[in-house]
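Open the model in your viewer and keep the sequence panel visible. The tour below goes from one selection to the next and says what is found at each stop.

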Amino acid sequence: MKKHNFYAGPSILNEKVIKATADAVLDFAGTGLSLLEVSHRGKEFDAVMAETNQLFKELLDIPAEYEVVFVGGGASMQFCMVPYNMLRTKAAYLDTGTWASKAIKEAKLFGEVDVVASSKDKNYSYIPKNYTIADDVDYFHYTSNNTIYGTEIRKDPDVKARLICDMSSDIFSRPIDISKYDIIYGGAQKNLAPAGVTFAIVRKDALGKVERPIPTMLKYSTHIEKDSMFNTPPVLPIYSALQTLKWYKEMGGVKAMQKLNEEKAAILYNEIDRNRLFVGTAAEEDRSLMNVCFVMKEEYKELEAAFADFAIKERGMMGIKGHRSVGGFRASLYNAMPKSSVEALVAAMQEFEKKH
C-alpha cells in the first residue's frame, strides 16, 4: 500500500532530495567519506554552503542589502533572537496561533509588546483584520502560516512599520516582497530540509540599533560576518536544503510552486465543502494552502475515529490526524506534496461518504 505523507513537520521531502541526501551520506562529493563525517571547513562543504546561499537569494529575489544565514535552535530560538537584536522600546505583534503567542511571550522579556489583535477568542480560526499599528514601534511581527489551526496570511502586509515574519511553514510557497521586511525566519523542516537548520533573511542595515549587550551566538551579525560558519553548522540539513532549492529551480521557481499549491489546496477544500460528512475549521477567506484543517460535521462526530482508522490503515494517509488543539483532521500540503496524494485523500473521503 502506498503511503501518503501528510505530517505537519518534520514533513514530506521530494524523493530526489531524499535520494541525493542518502547518496551523500554514503559518499559525499566523491570524497569516499560520508556527509556525516566530513569537515564543514573542507572545500567540498564550503561549496555546498555557497551554492545554498546563492540559490536561496536567487529563488526569492533577495536584494543585495540582505544576507541569508543558517543557524540552529529552530524558529523557537528566533522568538528571542529577534527582539534581542531588534527591540529597542516597543514592538507590535499579531496573535494568530500557538507559535505567534510563543513569540509574544519571548519578546516581552526585552521590551514593551503591543499585541495589536488576536483571534484566540475563536480558537485561532481566523486572521484578525482592521487592527492599528502604532507609528512608534520598532517592528511589526506576524506568523504567516499557522500550522495547527490552518490559517494563512498569503500577502505581504501593507503597513508603515518594518516587518518581521516567521515563515517556517510557507517559505518558497509564493513570491515575497523581501524589501518590506527587516527579518524573515523559519525552521526548515516543512518546506526546505530535515529538522536541524533554521534560516534567517536579514536586512543588514537594520542591525546594531539596540544598546543592550547581545551574546555572540545570538547576534545576527556574528553569523553574517562568518558566512554561517562561526560554529559548526548543521551539515546534513543544509545539504538537503540545497537539493530542495535545486528542485525548486528545476520546477520553475517560486511562482510555479505557488500555482501547484493553489491547485492542490483547491482540490481538497472543494471536497471538504462538497462532502456531507466534513466541514473546514478555518474561516474561508483565511484558509491556509499549506495546512488544511477539517472535522466531521456535528451530526457525524461519532464517525471521526472510524474515518481516521480507514484513512490511515486502509488508504495510507499518514499524519492525517489534527492537532489536539483543533481535533479532527489536518492535511499538510507543503511544496513537496504531490497532487496525486491529495487526489488519493479526496478519493478516500468520497469512498467513506458512500459507505456511511
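**Stop 1: H1 and H6**

Start with two helices: H1 passes H6 in a right-handed crossing. This is a predicted model. To find the pair, select residues 15-26 for H1 and residues 235-251 for H6; their axes are 9 Å apart and the packing angle is about 140 degrees. Angles over 145 degrees would count as roughly antiparallel, and H1 and H6 are therefore oblique to each other.

Now show the side chains at the contact. On the H1 side, select Lys16, Val17, Ala20, Thr21, Ala24 and Val25. Their partners in H6 are Leu236, Tyr239, Ser240, Gln243, Thr244, Trp247 and Glu250. Coloured by class, the residues of this contact divide into seven nonpolar, four polar and two charged.

**Stop 2: the loop before H1**

Step back along the chain to Pro10, in the loop between strand E1 (4-5) and H1. Which form does the peptide bond from Gly9 to Pro10 take, cis or trans? That bond is cis, with omega near -5 degrees. Most peptide bonds are trans.

**Stop 3: H3 and H4**

Select residues 74-86 for helix H3 and residues 98-107 for helix H4. The axes of H3 and H4 come within 8 Å and cross at roughly 40 degrees. Under 35 degrees would count as roughly parallel; H3 and H4 are therefore oblique to each other. The crossing of H3 and H4 is right-handed.

Which residues of H3 and H4 meet? From H3, display Phe79, Cys80 and Pro83. From H4, display Trp99, Lys102, Ala103, Glu106 and Ala107, which they meet. By class, the contact of H3 with H4 has six nonpolar, no polar and two charged residues.

Stay on H4 and select its buried residues: Thr98, Ala100, Ala103, Ile104 and Ala107. Ala103 and Ala107 are thus buried and are also part of the contact with H3. To see what lies over the buried residues of H4, add H3, strand E3 (90-95), strand E4 (112-118) and strand E5 (140-143), which are included in the cover.

**Stop 4: two residues with positive phi**

Most residues other than glycine have a negative phi. The next two selections have positive values.

Select Asp61, in the loop between helix H2 (43-60) and strand E2 (66-71). Phi of Asp61 is near 55 degrees. Is Asp61 buried or exposed? At 65% relative accessibility, Asp61 counts as exposed, because the cut-off for exposed is over 50%.

Then go to Ser228, in the loop between helix H5 (220-225) and H6. Phi of Ser228 is near 65 degrees. Ser228 has a relative accessible area of 4% and is buried.

**Stop 5: Arg287**

Select Arg287, in the loop between strand E11 (278-280) and strand E12 (291-296). Arg287 is a buried residue, with a relative accessible area of 10%; buried means under 20%.

Add Gly150 and draw a distance between the C-alpha atoms: 6.2 Å separates Arg287 from Gly150, although the two are 137 residues apart in sequence. Leaving aside residues up to four places away in sequence, Arg287 touches Gly150, Glu152, Arg154, Tyr269, Asp273, Gly280 and Ala282.

**Stop 6: Thr151**

Move to Thr151, in strand E7 (residues 151-152). Thr151 counts as buried, at 0% relative accessibility. With residues up to four places away in sequence left out, the residues that Thr151 touches include Thr96, Tyr124, Ser125, Tyr126 and Ile127. Also among them are Ser144, Asn145 and Asn146, as well as Ala282, Asp286 and Ser288. Keep Ala282 on display, since Arg287 touches Ala282 and Thr151 touches Ala282 too.

**Last stop: the whole chain**

Clear the selection and zoom out. The chain has nine helices and 14 strands. The radius of gyration of the chain is 21 Å, close to the 21 Å that the globule rule gives for 356 residues, so the chain is as compact as a globular protein of that length. Along the principal axes, the C-alpha atoms fill a box of roughly 60 × 55 × 30 Å.

Colour by burial to see that buried residues make up 54% of the 356 residues. Of the contacts between residues at least 6 apart in sequence, 66% join residues at least 24 apart.

Key. Residues are numbered from 1 along each chain as its sequence is written. This is a predicted model: local features need pLDDT of at least 70, side-chain atom pairs count only at pLDDT 80 or more; totals for chains, interfaces and linings use all residues. Side-chain values use heavy atoms; hydrogens and water are left out. Axes are lines fitted to C-alpha atoms, for helices over the stretch in contact, and angles run from 0 to 180 degrees between N-to-C directions. Helices (H or I, at least four residues) and strands (E, at least two) are DSSP runs, numbered from the N terminus. Angles under 35 degrees count as roughly parallel, over 145 as roughly antiparallel, 65 to 115 as roughly perpendicular and the rest as oblique. A crossing is left-handed if the near helix is turned anticlockwise from the far one by less than a right angle, and right-handed if clockwise. Contact means heavy atoms within 4.5 Å. Ala, Val, Leu, Ile, Met, Phe, Trp, Tyr, Cys and Pro count as nonpolar, Asp, Glu, Lys and Arg as charged, and the others, Gly among them, as polar. The radius of gyration is taken over C-alpha atoms; the globule rule is 2.2 Å times the number of residues to the power 0.38. Buried means under 20% relative accessible area, exposed over 50%, partly exposed in between (1.4 Å probe, protein chains only).
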